[in-house]
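Student: Could you take me slowly through one part of this structure, residue by residue, and then show me how that part sits within the rest? I would like every term explained as we go.

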Amino acid sequence: MANAEPITFTRLTDGTLLQRQPDGAFRPVASTTDHAKLAALTDAQIEAMAASDPDHPGLDDDFWAGASTATPSKEAISIKLDSDVLRYFREEGRGYQTRINTVLRHYMDTRRKGGRL
């Protein structure tokens, strides 16, 4: 890992693309998306484009059968973390608390699937 390239881009959970600046901070990248063109697409056009994309598998009703739309409630707490762990997540930019939560959720889900509550 000593020769690994540094991360120059990251994406927030809201979809905002961030680029690392020379000072180490991440700042939003200006979008070049033609939102008017996208808004003008019909559902049929979008479905046809998705169906023709070889990298995008079809998402039929069976795929969505087990999906949950419920969002777990959040609770504000105070937690002590090792300073290097917190620094690592903060260096990734905004949304570090959400990323910490995601790591903890993955750990919890993995333990539950293994029969450990």
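**A close look at the paired strands**

Tutor: Thr10 is buried, because its relative accessible area is 16% (buried means under 20%, exposed means over 50%, and partly exposed lies in between, with a 1.4 Å probe and protein chains only). Before we go further, please keep in mind that this is a predicted model, in which local features need pLDDT of at least 70 and side-chain atom pairs count only at pLDDT 80 or more, while totals for chains, interfaces and linings use all residues. Residues are numbered from 1 along each chain as its sequence is written, and side-chain values use heavy atoms, with hydrogens and water left out.

Thr10 belongs to strand 1, where helices (H or I, at least four residues) and strands (E, at least two) are runs assigned by DSSP and numbered from the N terminus. If we set aside the neighbours within four places in sequence, Thr10 is in contact with Thr16, Leu17, Leu18, Phe26 and Glu92, contact meaning that heavy atoms lie within 4.5 Å.

Let us now follow the strands in order. Strand 1, made of residues 9-11, runs antiparallel to strand 2, made of residues 17-20, and three bridges join the two; two strands are said to pair if DSSP finds at least two bridges between them. Together strand 1 and strand 2 form a hairpin with five residues between them, and in that turn Gly15 has a positive phi of about 95°. Strand 2 is in turn joined by three bridges to strand 3, residues 26-28, and this pair also runs antiparallel. Strand 2 and strand 3 likewise form a hairpin with five residues between them, and here the turn residue with a positive phi of about 95° is Gly24.

Gln19, which is found in strand 2, lets us see both pairings from one place. Opposite Gln19 stands Phe9, while in strand 3 the bridge partner of Gln19 is Arg27. Not counting residues up to four places away in sequence, Gln19 touches Thr8, Phe9, Ala25, Phe26, Arg27 and Val29. Gln19 counts as partly exposed because its relative accessibility is 31%. Farther along the chain, Gly93 is 74 residues away from Gln19, yet their C-alpha atoms are separated by 9.8 Å.

Arg27 deserves a second look, since its side chain meets that of Asp23 in a salt bridge, with 3.2 Å from N to O; the term means that a side-chain nitrogen of Lys or Arg lies within 4 Å of a carboxyl oxygen of Asp or Glu. Side chains of opposite charge can pair when their charged atoms come close. Asp23 counts as exposed because its relative accessibility is 55%, whereas Arg27, at 38%, counts as partly exposed. The structure holds one salt bridge.

Just ahead of this part, Pro6 has its place in the segment before strand 1, and it counts as exposed because its relative accessibility is 56%. Its C-alpha atom is separated by 9.3 Å from that of Arg20, although the two are 14 residues apart along the chain.

We can now step back to the rest of the chain. There are five helices and three strands, and read along the sequence they follow the pattern β-β-β-α-α-α-α-α. The radius of gyration is 19 Å, well over the 13 Å that the globule rule gives for 117 residues, so the chain is more spread out than a compact globule (this radius is taken over C-alpha atoms, and the rule is 2.2 Å times the number of residues to the power 0.38). Of the 117 residues, 7% count as buried. Residues 24 or more positions apart account for 19% of the contacts with a separation of 6 or more.

Among the helices, helix 5, residues 96-113, holds Tyr96, which is partly exposed because its relative accessible area is 21%. Not counting residues up to four places away in sequence, Tyr96 touches Leu86, Phe89 and Arg90. To relate this helix to the strands, note that Tyr96 and Pro28 are 68 residues apart in sequence and 16 Å apart in space, C-alpha to C-alpha.
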